[in-house]
Amino acid sequence: MKRLIILVLLVFGAADSYGDEETLFKNSGDFELNGFWGGPGVSVTSINGNAELLVGGRGGIIINNSFNVGGGGWGLVTEPKAPSKARSAYPGRDLKLDFDYGGFIFEYDFRPKQLTHCSVYSLIGSGNVSYCDKDDDSFKVSDSFFVFEPGIEGTVNVTKWFRLSAGASYRVIAGMDIIGLDASDIGGFSGKLTFRFGQFTGFERHMKTSE
């Protein structure tokens, strides 16, 4: 929890350091849809004390150049064994752990037109953790949870339609109740790499021209 508080303070401290120059809305009527994007990503995180790989994707629309509104999700692609307590509770089964989550993502991108730039974001949503039998597809024990994941990313503008982002996030889990695991076992830090494809600028000019 202390690490999460420090991360949030750094995020808001970075946002505040830009002053009034970088505000999202300069006046009550200042709202402009600049573009949209989407793409796949990979994430390395700790699940039950072991490094695991997740794949997923993100996407959204770009408002006033800096504010991204969209969504995304991640799912475990490795097949770790279920914790020992779960295997003891269901003897005779070869249990694997499955895990996925997703939700709405709100992101603020500082100086997005520069070659390299930084953004902060938060994912708010839900997820599911399950125990599955490798030899019996009909067997499944699962529970859902609430997830809040703030993060920070650095982005390189590779081309006008492709950007590459890398960063870190901290996943907070609540409301989960499944044998052998608690929130800290599937929460924690993640490293992420995201491939962004889309129209990042000029969408508002294209719309005005087409009209």
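Which residues is Arg196 in contact with, leaving aside its neighbours within four places in sequence? I opened the notebook with this question and worked outward from Arg196. The model I examined is a predicted one.

**Entry 1. Arg196 and its surroundings**

I listed the contacts of Arg196 and found Trp37, Gly38, Arg58, Glu107, Ser119, Glu153, Thr155, Trp161, Phe162, Arg163 and Ser165, with neighbours within four places in sequence left aside. I placed Arg196 in strand β8, which covers residues 188–199. Its relative accessible area is 3%, so I recorded Arg196 as buried, the cut-off being under 20%. I also noted a polar contact of 2.9 Å between the side chains of Arg196 and Ser165.

**Entry 2. Salt bridges**

I counted the salt bridges and obtained 9 for the structure. I then looked up Arg58 and Glu107, whose closest N and O atoms are 3.1 Å apart in a salt bridge. The two residues belong to distant parts of the chain, with Arg58 in strand β2, Glu107 in strand β4, and their positions 49 residues apart. I checked the burial of each partner: Arg58 is buried at a relative accessible area of 7%, and Glu107 is buried at 1%.

I turned next to Arg93 and Asp133, whose side chains form a salt bridge of 2.8 Å, N to O. Arg93 is in the loop between α2 and β4 and Asp133 is in strand β5, so this pair ties together parts that lie 40 residues apart in sequence. For Arg93 I noted a relative accessible area of 30%, partly exposed, whereas Asp133 is buried at 7%.

I also examined Lys192 and Glu149, which form a salt bridge with closest N and O atoms 2.9 Å apart. Lys192 sits in strand β8 and Glu149 in strand β6, so the pair ties together parts 43 residues apart in sequence. Both Lys192 and Glu149 are buried. Returning to the starting residue, I found that salt bridges with shared partners join Arg196 with Arg58, Glu107 and Glu153 into one network.

**Entry 3. The nonpolar core**

Which residues touch the most other members of the largest nonpolar core? I found Phe99, Tyr101, Tyr131, Phe145, Met176, Leu181 and Ile186, within a core of 24 residues. The elements giving two or more residues to this core are β3 (67–76), β4 (95–110), β5 (116–133) and β6 (136–157). I noted that β4 provides the largest share, 5 residues.

I followed Ile186 and listed its contacts as Ile47, Phe99, Phe145, Arg171, Ile173, Met176 and Leu181, not counting residues up to four places away in sequence. I then looked up Phe145, which lies in strand β6. Phe145 is buried at 4% relative accessibility. The C-alpha atoms of Phe145 and Gly125 are 8.7 Å apart, while the two residues are 20 apart in sequence.

**Entry 4. The surface**

I looked for a nonpolar patch on the surface and found one formed by Val42, Val44, Leu53, Val55 and Val77, with about 340 Å² of accessible area together. Strands β1 (33–47) and β2 (50–63) are the elements that give two or more residues to this patch. I placed Val55 in strand β2 and recorded Val55 as partly exposed, at a relative accessible area of 37%.

Is Lys85 buried or exposed? I found Lys85 exposed, at 58% relative accessibility. Lys85 belongs to helix α2, residues 84–89. I noted that Lys85 touches Ile179 and Gly180, not counting residues up to four places away in sequence. The C-alpha atoms of Lys85 and Leu181 are separated by 8.6 Å, with their positions 96 residues apart along the chain.

**Entry 5. Backbone angles**

Most residues other than glycine have a negative phi. I therefore recorded Asn48, which has a positive phi of about 55 degrees. Asn48 lies in the loop between β1 and β2 and is partly exposed at 26% relative accessible area. I also recorded Asn65, with a positive phi of about 70 degrees. Asn65 is in the loop between β2 and β3 and is partly exposed at 27%.

**Entry 6. The whole chain**

I closed with the totals. The chain has 4 helices and 8 strands, in the sequence pattern α-β-β-β-α-β-β-β-β-α-β-α. Buried residues are 40% of the 211 in the chain. Of the contacts between residues at least 6 apart in sequence, 64% join residues at least 24 apart. I noted an accessible surface of about 11100 Å², with 59% belonging to carbon and sulfur atoms.

How values were computed
Residues are numbered from 1 along each chain as its sequence is written. This is a predicted model: local features need pLDDT of at least 70, side-chain atom pairs count only at pLDDT 80 or more; totals for chains, interfaces and linings use all residues. Side-chain values use heavy atoms; hydrogens and water are left out. A nonpolar core is a set of buried Ala, Val, Leu, Ile, Met, Phe, Trp, Tyr and Cys residues joined through side-chain atoms within 4.5 Å. Buried means under 20% relative accessible area, exposed over 50%, partly exposed in between (1.4 Å probe, protein chains only). Contact means heavy atoms within 4.5 Å. Patches are made of residues with over 30% relative accessible area and no salt bridge: like charges are joined within 9 Å, nonpolar side chains (Val, Leu, Ile, Met, Phe, Trp, Tyr) within 5 Å. Accessible areas come from the Shrake-Rupley method with a 1.4 Å probe; for residues, only the protein chains shown count as cover. A salt bridge is a side-chain nitrogen of Lys or Arg within 4 Å of a carboxyl oxygen of Asp or Glu. A polar contact is a pair of N or O atoms within 3.5 Å; within protein, one must be able to donate a hydrogen and the other to accept it, and residues adjacent in sequence count only if both atoms are side-chain atoms.
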